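Hi,

Here is the structure I promised to pass on. Have a look at it first, and my notes follow underneath.

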Amino acid sequence: MKILSVLLLFLLALSPARAAGLPDPTSFSVAIERGDLAQAREWLDAGLAPDFEGRLIGTGLMIGAWEGNIPMMELFLWRGADINKVNAFGEQALLHAAWKGRLEAVRWLVENGARLNRAGREWAALHYAAFGGHAEVVAYLLERGADVNALSTNGSTPLMMAAREGKEAIAKALLGAGARPDIVNEQGDDALRWAMRYNNLQIAREIAGRENFAAAVARPVASWGRPQRSQAVPDRADLLLAQARRMEAAGRRDAALKLYRAALATIRQADTAATKANAATRAATGMVITARRGKPGAQTAALSYATPAAGVDASGVGAGGTANSAGAAPPDMVDDWLRRARELEAAGRRKEALQAYRQAAVALRSASQAPAYSPIPP
């Protein structure tokens, strides 16, 4: 899970960087995300390093890629930014643009030197584009020579991403480009297993072929493993979180606290509505906490869902009358943070309450940005 600073921005105002007219990571991110070219140019003129990293996403060039802001990327590149720099989570600008489906930004990055493929086992732009369901970006990356069988940090391929997320057109494109369905990752999973686990049967048929697919569907549902899904953050909650960060950057702690609480309430309300509407297929089980890239301190969080596969009814009982085993749900860490925040607020400890709300907000937000935070089930 990404841990934000425990110091509020009004304390950071005392730092040498702020005294020199340079930004702290949060105010930098806010300005670059809103596309403030004049402010970015002013900071660079004042001596800001072109690869200075903001909160969460990374450098100005990375944030520009995330937002699809080509003029912002041009500014930082011309000032000396490394187009292939890797942030603290092992990501590059090209991966951010691919995840968000920013085709023009992807083109610009590749044409200006962004590397399509990475050495060793690392997440590649093709993984992110396939997981995000961006067919045009996938097609462009393949056309430019992206490795169709690139291996992520745990040995997963772009085809596995498409199979897991039900991106049929992308799965077909990857197979047509030579994707190997026989590659097995460190968890012992391959593309067929993920397609079957997540009940994406058309993709499973494409991967396995008619004869092998018939054998696959004859196997017990439980043999494919239990699926886990991530709940997207509603648009209104995303907006409220962005506003909260701006208030915090301006030193308006009480306003930021109210906005964080409103965002979390919106998320909880949307989650409750989604659970009621999809009770037969998606029931929330809790949070999945996963370590990333061999760094025990760099953890991720995603809301997990038990999703019955084909032949399983709403009660979790299959056609043969056997209960579908789902295992015990992990502890709900978001609820723990919310409970702690309420207790701190009731005790008048507003600074600590704000930090607890921020922790819950970051955890919930991370669930909507899976590759950037953990696209692979643990």
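Which are the buried residues of helix 9? They are Ala 125, Leu 126, His 127, Tyr 128, Ala 129, Ala 130 and Phe 131, where buried means under 20% relative accessible area, exposed over 50%, and partly exposed in between (1.4 Å probe, protein chains only). Seven of the eight residues of this helix are buried, so helix 9 is largely enclosed by the rest of the structure. Just behind helix 9 comes Gly 133, with a positive phi near 80°.

Before going on, some housekeeping. This is a predicted model, in which local features need pLDDT of at least 70 and side-chain atom pairs count only at pLDDT 80 or more, while totals for chains, interfaces and linings use all residues. Residues are numbered from 1 along each chain as its sequence is written, and side-chain values use heavy atoms, with hydrogens and water left out.

Now the overall picture. The protein chain has 19 helices and two strands; these are DSSP runs numbered from the N terminus (helices: H or I, at least four residues; strands: E, at least two). Of its 378 residues, 48% are buried. Taking contacts (heavy atoms within 4.5 Å) between residues at least 6 apart in sequence, 71% join residues at least 24 apart.

Helix 11 (residues 158–165) tells a similar story: seven of its eight residues are buried, so helix 11 is largely enclosed by the rest of the structure. Those buried residues are Pro 158, Leu 159, Met 160, Met 161, Ala 162, Ala 163 and Arg 164. Their cover includes helix 9, helix 12 (168–176), helix 13 (191–197) and helix 14 (201–218). Right after helix 11, Gly 166 has a positive phi of about 75°.

On to the nonpolar cores, meaning sets of buried Ala, Val, Leu, Ile, Met, Phe, Trp, Tyr and Cys residues joined through side-chain atoms within 4.5 Å. The largest one has 71 residues, and Leu 61, Phe 76, Leu 109, Leu 141 and Leu 174 touch the most other members. Leaving aside neighbours within four places in sequence, the contacts of Leu 174 include Leu 126 and Ala 130, both among the buried residues of helix 9, as well as Pro 158, Leu 159 and Ala 162, which are among the buried residues of helix 11. A second, separate core of 19 residues includes Leu 240, Ala 244, Leu 259 and Trp 337.

How many aromatic pairs does the structure hold? There are five, counting rings of Phe, Tyr and Trp (its six-membered ring) whose centres lie within 6.5 Å; planes under 30 degrees apart are stacked, over 60 edge-to-face, and the rest tilted. Phe 28 and Phe 76 make an edge-to-face pair, 6.1 Å centre to centre with 85° between the planes. Phe 28 lies in helix 3 (residues 25–33) and Phe 76 in helix 6 (residues 70–78), so the pair ties together parts that are 48 residues apart in sequence. Both Phe 28 and Phe 76 are buried. Trp 99 and Phe 131 have ring centres 5.8 Å apart and planes at 45°, so that pair is tilted. With Trp 99 in helix 7 (residues 93–100) and Phe 131 in helix 9, parts that are 32 residues apart in sequence are tied together. There is also one aromatic cluster formed by Phe 28, Trp 43, Phe 52 and Phe 76.

As for charges, there are 12 salt bridges, each a side-chain nitrogen of Lys or Arg within 4 Å of a carboxyl oxygen of Asp or Glu. One joins Glu 206 and Lys 172 (4.0 Å, N to O). Glu 206 sits in helix 14 and Lys 172 in helix 12, so this pair ties together parts that are 34 residues apart in sequence. Glu 168, Lys 172 and Glu 206 are linked in a network of salt bridges. Asp 189 forms a salt bridge with Arg 193, the closest N and O atoms being 2.9 Å apart, and another with Arg 197, at 3.0 Å. Asp 189 and Arg 197 are both buried, whereas Arg 193 is partly exposed at 21% relative accessibility.

That's what I have for now.

Cheers
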